[in-house]
Amino acid sequence: MVDKLTGEAAKVLRKAVGKLPKVDQELKGGMMNEAFIVSGGRKQGQRYVLYVPTAQANEMVDRKLERNIHKIAYKLGISNKNVYFNVKTGFKVNEFIEGYSINAKSEPEDFKNVAKLLLTYHNSKKMSGVYYDPLGRLENYRKEAETHIKEFDKEFYELWDLVMSHREFLLSQKTTLAHNDAQRSNIVRRASDDKYLLIDYEFAADNDPLYDIATFGNNDVQDGVKVLEEYEKLTVVTDGLKRYALWRIDVSLQWYLVAIIKHYRGEGAVHGFNFLDVAHNFLLNALEARKLLED
């Protein structure tokens, strides 16, 4: 584990919290950031999370948009407080939420509470004015990945054609403010009051709200189905399962391509990831989502 941060990371921490705190934990698993839980700043007893962007992250993220939407979520009472944000470099420091990510621990009430959390966000009546454009992103990632390899897995082409054949249907859906990366690791259950909070707004923008439910199915397609069932109990949803399945395929194909790009850019060696394994797992996830359209 990293014991002490140096360079730009140290400068950021000194500016954000008054002095250089000690590193409590290096967080693993992020494809867009290295993250560190630190303690010992000017605010007694408060811990923080420092986010250090990866090489590709700033190319993919609108930092001003991320900062502004995080502020909206904080005012809604569904996120933690940001204390430092450099929109040019992507370095940021947020107050740490004492609790646990539901990625690490799952309980039966998770699906109901995740649905409530997402609906609070979607019903905020706030809009960013920027469309997330998940289909356009998918097309752009494919173009970039094709600069590295000539041919993808054969199942990729089948799934691509399926999603693109529903382009008009997907683009016709009403949009709200969306998180666009509401996977388990970005939802935290606060220990003090068991409240569910949404963190990490790098991809937040306007989108079909069911896209957020689709991103919850990153690890398991059925997780998203369960959240959708709870979400439909709270509000009127049309063509819910169809939208969920198509967006889930879209999400999986995006991360399939991003993982391939990261592999060939050499980021796996830097961050300790086998990105080709990541790509394969997302392809399997997309195939699982396709079964929902076949039932």
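This is a short tour of a predicted model, with suggestions on what to select at each stop.

**Stop one: a three-stranded sheet**

Start by selecting β6, β8 and β9. They form an open sheet of 3 strands in the order β6-β8-β9, and the pairing is antiparallel. Which strands stand at the edges? Colour β6 (99-101) and β9 (196-198): each has a single partner strand, so one side of each is left without a neighbour in the sheet. If you look along the sheet, neighbouring strands are turned by 30 degrees against each other on average, direction ignored.

Now add helix α4, residues 110-122, which packs on this sheet and touches β8 and β9. The direction of α4 makes about 50 degrees with that of β9.

Next, go through the pairings one by one. Between β6 and β8 (residues 187-190) there are 3 bridges in the antiparallel sense. Show G99 and you will find R190 of β8 opposite; for Y100, the bridge partner in β8 is R189. On the other side, β8 and β9 run antiparallel and are joined by 3 bridges. Select I187 here, and L198 in β9 stands opposite.

Stay with β8 and β9 a moment longer, since the two form a hairpin with 5 residues between them. In the turn, pick D194, which has a positive phi of about 60 degrees.

**Stop two: L50 in strand β3**

Move to β3, residues 47-53, and select L50. Is L50 buried or exposed? Its relative accessibility is 0%, so L50 counts as buried. To see what surrounds L50, show its contacts beyond four places in sequence: L5, A9, V12, L13, E34, A35, F36, F91, K92 and V93. You can also draw a distance from the C-alpha atom of L50 to that of V38; the two residues are 12 apart along the chain, and the separation is 7.3 Å.

**Stop three: helix α10 and its partners**

Now select α10, which spans residues 240-264, together with α6, residues 154-164. Their axes come within 10 Å and cross at roughly 135 degrees, and α6 and α10 are therefore oblique to each other. The crossing of this pair is left-handed. Show side chains where the helices meet: F156, L159, W160, L162 and V163 come from α6, while α10 brings L246, I249, D250, L253, Y256 and L257. Sorted by class, this contact has 10 nonpolar residues, no polar ones and 1 charged.

Swap α6 for α9, residues 221-234. How far apart are the axes of α9 and α10? They are 11 Å apart, and the helices pack at an angle of about 145 degrees. Here the crossing is right-handed. From α9, select V221, G224, V225, L228 and E232; from α10, select G240, L241, Y244 and R248. By class, the contact of α9 with α10 has 5 nonpolar, 2 polar and 2 charged residues.

**Last stop: R243**

While α10 is still on screen, zoom in on R243, which is found in that helix. Why does R243 count as buried? Residues under 20% relative accessible area are classed that way, and R243 counts as buried because its relative accessibility is 7%. Finish by showing what R243 is in contact with, leaving aside neighbours within four places in sequence: F169, Q173, D208, P209, L210, V237 and T238.

Methods
Residues numbered from 1 in each chain as written. Predicted model: local features only at pLDDT ≥ 70, side-chain atom pairs only at ≥ 80, totals over all residues. Heavy atoms only, no water. Helix = DSSP H or I, 4+ residues; strand = E, 2+ residues; numbered from the N terminus. Buried < 20%, exposed > 50% of the residue type's maximum accessible area, 1.4 Å probe, protein only. Contact = heavy atoms within 4.5 Å. Pairing = 2+ DSSP bridges. Axes fitted to C-alpha atoms, helices over the stretch in contact; angles between N-to-C directions. Parallel < 35°, antiparallel > 145°, perpendicular 65-115°, else oblique. Left-handed = near helix turned anticlockwise from the far one by under 90°. Nonpolar A, V, L, I, M, F, W, Y, C, P; charged D, E, K, R; others polar.
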